[in-house]
Amino acid sequence: MFNFFHKTKQPIKLWFTTDIHCHVIPGVDDGSPNVDTSVELIEALGELGIKRIIATPHVTQATFENSPETIKAPLTILKEKLVDANIDIPITNAAEYRIDDLFDQCRASGVLMTYPDNYILIENSFIQEPWNLEQIIFDLQVKGYKPIFAHPERYLYYHNRVNRYKELHDSGLLFQINLLSLAGYHGKAERKMAEYFIDNNMVDFIGTDTHGHRHIDAFRNYLISRDAERDMSRLAPMIKNDIFN
Ligand SMILES: [Fe+2]
């Protein structure tokens, strides 16, 4: 029987249903190493409230040189396993493009793994801003792409120059913050910067950036916290994840 006075510590559900950033395609990057793990991660994301997934394997020169060819077979196997396991979470893929020489080559070839409607996920190096970031954003926009900046709060070299964030966002670069940052997983500074984006209405998308079970555990802990409830009420009207539904 339902007891009104009994407070459980059940996690709240995620307030977005499409995960637009995660590494759950098996064996293609530093995310899920095998298909069984992928199925476990997707099932766990489903329990947290995710209903569909656009996976974003890394495309990074020298380390993860993914392309439609490298992703096709493991994604097909994963989809079959999800059917076998009765997990009704549709999964497609885009990619997380590091801004490097390989990205230049991909852009030149015209073969880019995008979200619907030509949205594309890009990330900086964690060490320094790419020298030609503005030019790349502009070139993408001229060609009809809509660049989404993966986890801007994680680039620590911007933290003492928040005006740079403002310039980038004003140039039309859309910001995708990590659920992991809100959960405090990356660190206090990243959580604080994500809050700054929320305060300044600079969040366009949210992604889980799930690579493994350690991240699922972080989400579960976060989703029973007061922070999660407060973040949810502030972010829900701001984010556009559902345009990919
Ligand atoms: Fe990622």
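Glu96 counts as buried, at 1% relative accessibility, in what is a predicted model. This residue is one of the donors to the iron ion, which is coordinated by His21 (NE2), His23 (NE2), Glu96 (OE) and Asp209 (OD) at 2.0 to 2.4 Å. His23 lies in the loop between strand E1 (18-19) and helix H1 (35-48), whereas Glu96 lies in strand E6, so the pair ties together parts that are 73 residues apart in sequence. Written along the chain, the spacing of the donor residues is H-x1-H-x72-E-x112-D. What angles do the 4 donor atoms subtend around the iron ion? The angles run from 82 to 170°, which makes the arrangement irregular; four donors would count as tetrahedral only if all angles lay between 85 and 135 degrees.

The relative accessible areas stated for two of the donors and for one histidine of helix H5 are set out below.

| Residue | Relative accessible area | Class |
|---|---|---|
| His23 | 1% | buried |
| Glu96 | 1% | buried |
| His169 | 17% | buried |

His169 is placed in the buried class because its 17% falls under the 20% cut-off.

Strand E6, which holds Glu96, belongs to an open sheet of 7 strands in the order E4-E3-E6-E7-E8-E9-E10, with mixed pairing. Strand E4 (64-65) and strand E10 (205-207) stand at the edges with a single partner strand each, so one side of each is left without a neighbour in the sheet. At the E4 edge, strand E3 (residues 58-60) pairs with E4 in the antiparallel sense over 2 bridges, and Val59 has Glu65 of E4 as its bridge partner. Strands E6 and E7, by contrast, run parallel and are joined by 3 bridges, with Glu123 of E7 as the bridge partner of Arg98.

Is strand E7 enclosed or open to the surroundings? Of its 5 residues, 5 are buried, so E7 is largely enclosed by the rest of the structure. In a regular strand the side chains alternate between the two faces of the sheet. In E7, Tyr119, Leu121 and Glu123 point one way while Ile120 and Ile122 point the other way, and all of them are buried.

Helix H3 (residues 101-109) has Leu102, Phe103, Cys106 and Arg107 as its buried residues. Seen down the axis of H3, these buried residues fall within an arc of 140°, so they line one face of the helix. They pack against E3, E4, strand E6 (96-98), strand E7 (119-123) and helix H4 (133-142), and thus the account of H3 leads back to strands of the sheet described above. At the start of H3, a side-chain oxygen of Asp100 reaches to within 3.1 Å of the backbone nitrogen of Leu102, while just after the helix Gly110 takes a positive phi of about 80°.

The remaining site is that of His169, which lies in helix H5 (residues 162-170). Leaving aside residues up to four places away in sequence, His169 touches Phe175, Asn201, Met202 and Asp204. With one of these residues, Asp204, His169 also makes a side-chain polar contact of 2.8 Å. The C-alpha atoms of His169 and Val203 are separated by 9.4 Å, although the two residues are 34 residues apart along the chain.

Terms used. Residues numbered from 1 in each chain as written. Predicted model: local features only at pLDDT ≥ 70, side-chain atom pairs only at ≥ 80, totals over all residues. Heavy atoms only, no water. Pairing = 2+ DSSP bridges. Helix = DSSP H or I, 4+ residues; strand = E, 2+ residues; numbered from the N terminus. Buried < 20%, exposed > 50% of the residue type's maximum accessible area, 1.4 Å probe, protein only. Arc of directions from axis to C-beta. Contact = heavy atoms within 4.5 Å. Polar contact = N/O pair within 3.5 Å; in protein donor to acceptor, adjacent residues only side chain to side chain. Donors = N, O, S within 2.8 Å, 3.2 Å for Na, K, Ca; no water. Tetrahedral: all angles 85-135°; square planar, octahedral: opposite > 155°, others 65-115°.
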